[in-house]
Amino acid sequence: MVKVYYGADSGFTAHRAEKELKKTLSKEEYAEIIRFDGYKDLASSVVEDCSSISLFGDKKIVLFSNAYFLSSSSNRKAPFSDSQQGNYRDLIEYFNAPSPDTDLYIIVDGELKKSGDLYTAMQESSDVYLQKCDLPSDDDYQALAAQSAKAEGKEIDTDAIKMLISRSRTVGSGFGAKGVDYLTFMNSLNKLLTYTKHVTTVDVETLVYRPLEDNVFALIDKLMKKNVRGAMLDYHDLRAGGVEPLGILPAFAAKFREYALTKYLIEMSFNNNQIAEQLGKVQGKSIKPGSIYYRRQDLAGLSFARIIRILNDLSEIEVSIKRYQDDADTKMEVFLSTFCDTYLKKSRNY
């Protein structure tokens with residue numbers, strides 16, 4: 001049997017697989033799992049082990065994590081070329097006829113790539129099972145935090161859990177980025193439960209860093225209020241904290257995409273209720289109509305066309321850094337220092 005786990009959050013996908021193995025196997029069997037890592041081991045090595053006979057006569061359990069070559073969304077560079085992997089011929093053959101003496105569990109590093117010979121082999125085999133690991137909801141994370149605290153004989157306030165969820169959200173995903181990074185959430189939760197017997201919002205505020213987006217959005221807010229010095233100081237704080245410019249750019253783009261949609265709806269004469277409804281649909285969360293009043297004020301000095309220009313300029317900065325190896329800090333500092341003069345002029349509408 002072969003079971004393939006995949007999903008948007010690789011940390012949660014691995015958790016799901018490990019949880020099911022612990023539930024299915026005895027402690028002794030779980031301890032005997034043979035483990036391979038796609039970033040260190042060739043697929044052919046996994047197949048070779050799966051096809052060999054167990055020395056003890058028991059069914060073997062093989063766990064193959066980080067199967068990047070089955071993923072459509074891996075962010076890491078492939079450690080092996082297709083030729084080094086033998087174009088996955090061994091794995092394709094194994095999918096077609098897996099060993100009855102081995103159960104192979106595969107964890108995909110991201111969403112499943114639904115094309116190519118490997119996917120076809122998995123689809124056509126009656127012995128390969130595909131398990132999509134849907135992202136937990138906020139309610140699931142609240143329950144998980146409460147259960148974890150209870151298991152350790154500790155308490156965690158509901159407001160503290162909500163703040164922890166907020167600070168564990170994914171970075172730079174644009175509209176609808178409501179998913180929580182599982183490993184960030186669990187690592188932060190474990191740190192909090194180690195720190196105190198009763199976790200409050202003060203503890204979360206003290207021990208869990210705000211998401212990058214929050215810091216970038218505060219920076220952008222200063223730009224919009226023409227506080228260039230404050231924005232530059234925020235940028236230098238981010239850099240001092242180890243955040244690379246190419247890590248900051250996606251959060252910039254996400255915020256200005258939100259601004260672009262808001263300004264477009266304003267220029268189309270939508271009222272505050274209609275704008276809040278449209279933004280809520282796109283972002284996957286409730287937007288209060290009262291907040292649109294303040295957004296209108298924030299965007300008074302920018303037209304839709306000018307926001308699109310900002311997005312285009314941010315894209316060019318990214319290209320210049322990646323393709324032409326231009327100095328990233330210089331590019332970002334020029335963008336920030338000239339933002340008001342370049343984009344907040346009142347003389348023209350572009």
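Partly exposed describes a residue whose relative accessible area lies between the buried range, under 20%, and the exposed range, over 50%. Keep that in mind for the close-ups below, which come from a predicted model.

**Figure 1. N87 sits in a loop and has a positive phi.**
Here's the loop between β3 (60-65) and α4 (89-96), where you'll find N87. Its phi is about 55°, even though N87 is not a glycine. Why is that worth a look? Most residues other than glycine have a negative phi. As for the surroundings, N87 counts as partly exposed because its relative accessibility is 44%.

**Figure 2. K226 is another residue other than glycine with a positive phi.**
Hop over to the loop between α10 (212-224) and α11 (228-240), and there's K226. Phi of K226 is near 65°. Is K226 buried or exposed? With a relative accessible area of 52%, K226 is exposed.

**Figure 3. Helix α11 and what covers its buried residues.**
Now follow the chain into α11, which has 13 residues. At 1.5 Å a residue, α11 should span 18 Å, and its end C-alpha atoms are indeed 18 Å apart, so the two values agree. Which residues of α11 are buried? They are G230, A231, M232, D234, Y235 and L238. The cover over these buried residues includes α10, α12 (245-267) and α16 (328-337). Just past the end of α11, look for G242, whose phi is positive at about 95°.

**Figure 4. The second largest pocket and its lining.**
This pocket has a volume of about 390 Å³. How many residues line the second largest pocket? There are 13 of them, and E32, S54, D58, K59 and K60 lie nearest the centre. Both α2 (27-31) and β3 chip in, each with at least two residues of the lining. Sort the lining by character and you get seven charged residues, five nonpolar and one polar.

**Figure 5. Cysteines in a structure with zero disulfides.**
A disulfide is a covalent bond between the sulfur atoms of two cysteines. Searching the whole structure turns up zero of them. Why doesn't C50 form one? The closest cysteine sulfur to that of C50 belongs to C133 and is 19 Å away, so the gap is too far for a bond; the cut-off for a disulfide is within 2.5 Å. C50 counts as buried, since its relative accessibility is 0%. Another cysteine to find is C340, which is buried too, with a relative accessible area of 15%.

Note on methods: Residues are numbered from 1 along each chain as its sequence is written. This is a predicted model: local features need pLDDT of at least 70, side-chain atom pairs count only at pLDDT 80 or more; totals for chains, interfaces and linings use all residues. Side-chain values use heavy atoms; hydrogens and water are left out. Buried means under 20% relative accessible area, exposed over 50%, partly exposed in between (1.4 Å probe, protein chains only). Helices (H or I, at least four residues) and strands (E, at least two) are DSSP runs, numbered from the N terminus. On a 1 Å grid over the protein atoms alone, a cavity is a set of points where a 1.4 Å probe fits but cannot get out, and a pocket is an open set with protein on both sides within 12 Å along at least five of seven lines; lining residues have an atom within 4 Å of a point. Grid points are joined across faces, edges and corners, and a volume is the space filled by probe spheres set on the points. Ala, Val, Leu, Ile, Met, Phe, Trp, Tyr, Cys and Pro count as nonpolar, Asp, Glu, Lys and Arg as charged, and the others, Gly among them, as polar. The expected span of a helix is 1.5 Å times one less than its number of residues. Contact means heavy atoms within 4.5 Å.
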